[in-house]
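This report looks at charged side-chain contacts and a surface patch. The sequence and structure come first.

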Amino acid sequence: MYEYELQQMRTSDLIRRADHERLVREAARARREADQDSAEHESHSRRFRRLRSARTA
């Protein structure tokens, strides 16, 4: 009986870890997509806003 309970605890722990890792991957993917989307929008407008100064000697 004791071994069965340990196995159940281990199984539930592995399931919790897998769920957590899945959430972390989804959050990272969403963050990358959001960063990529904002970078695409900024790349077109940034060209006109950037002021260039002459190089100093």
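## Salt bridges along helix α1

R17 and D13 both sit in helix α1, four residues apart, which is about one turn of the helix. Their side chains meet in a salt bridge, at 3.4 Å from N to O. The model is predicted.

D13 also pairs with R10. This salt bridge has its closest N and O atoms 4.0 Å apart. The cut-off for a salt bridge is a side-chain nitrogen within 4 Å of a carboxyl oxygen. R10 and D13 are three residues apart in helix α1, so about one helical turn separates them. Helix α1 covers residues 2-49.

The contacts around D13 belong to a wider group. R10, D13, R16 and R17 are linked in a network of salt bridges.

R22 and D19 make a further salt bridge, with 2.7 Å between the closest N and O atoms. These two residues lie three apart in helix α1, so R22 and D19 are separated by about one helical turn. By the rule applied here, the count comes to four salt bridges.

The described pairs are set out below.

| Salt bridge | Closest N to O distance | Spacing in helix α1 |
|---|---|---|
| R10 and D13 | 4.0 Å | three residues |
| R17 and D13 | 3.4 Å | four residues |
| R22 and D19 | 2.7 Å | three residues |

## Exposure of the charged residues

How accessible is D13, the partner of R17? D13 has 23% relative accessibility and counts as partly exposed. The class runs between two limits: buried means under 20%, exposed means over 50%. At 23%, D13 is not under the 20% limit, so D13 is not classed as buried.

The arginines that pair with D13 are partly exposed too. R10 has a relative accessible area of 47%. R17 has 48%. Neither value is over 50%, so R10 and R17 are not classed as exposed.

The R22 and D19 pair gets the partly exposed label as well. R22 stands at 38% relative accessibility. D19 has a relative accessible area of 35%.

## A nonpolar surface patch

Helix α1 also carries L6. L6 joins Y2 and M9 in a nonpolar patch on the surface. Together the three residues have about 360 Å² of accessible area. L6 itself is partly exposed, with a relative accessible area of 39%. Patch members need over 30% relative accessible area, so L6 at 39% passes that cut-off.

Technical notes:
Residues numbered from 1 in each chain as written. Predicted model: local features only at pLDDT ≥ 70, side-chain atom pairs only at ≥ 80, totals over all residues. Heavy atoms only, no water. Buried < 20%, exposed > 50% of the residue type's maximum accessible area, 1.4 Å probe, protein only. Patch = residues over 30% accessible without salt bridge, like charges linked within 9 Å, V, L, I, M, F, W, Y side chains within 5 Å. Areas by Shrake-Rupley, 256 points an atom, 1.4 Å probe, with all protein chains shown as cover.
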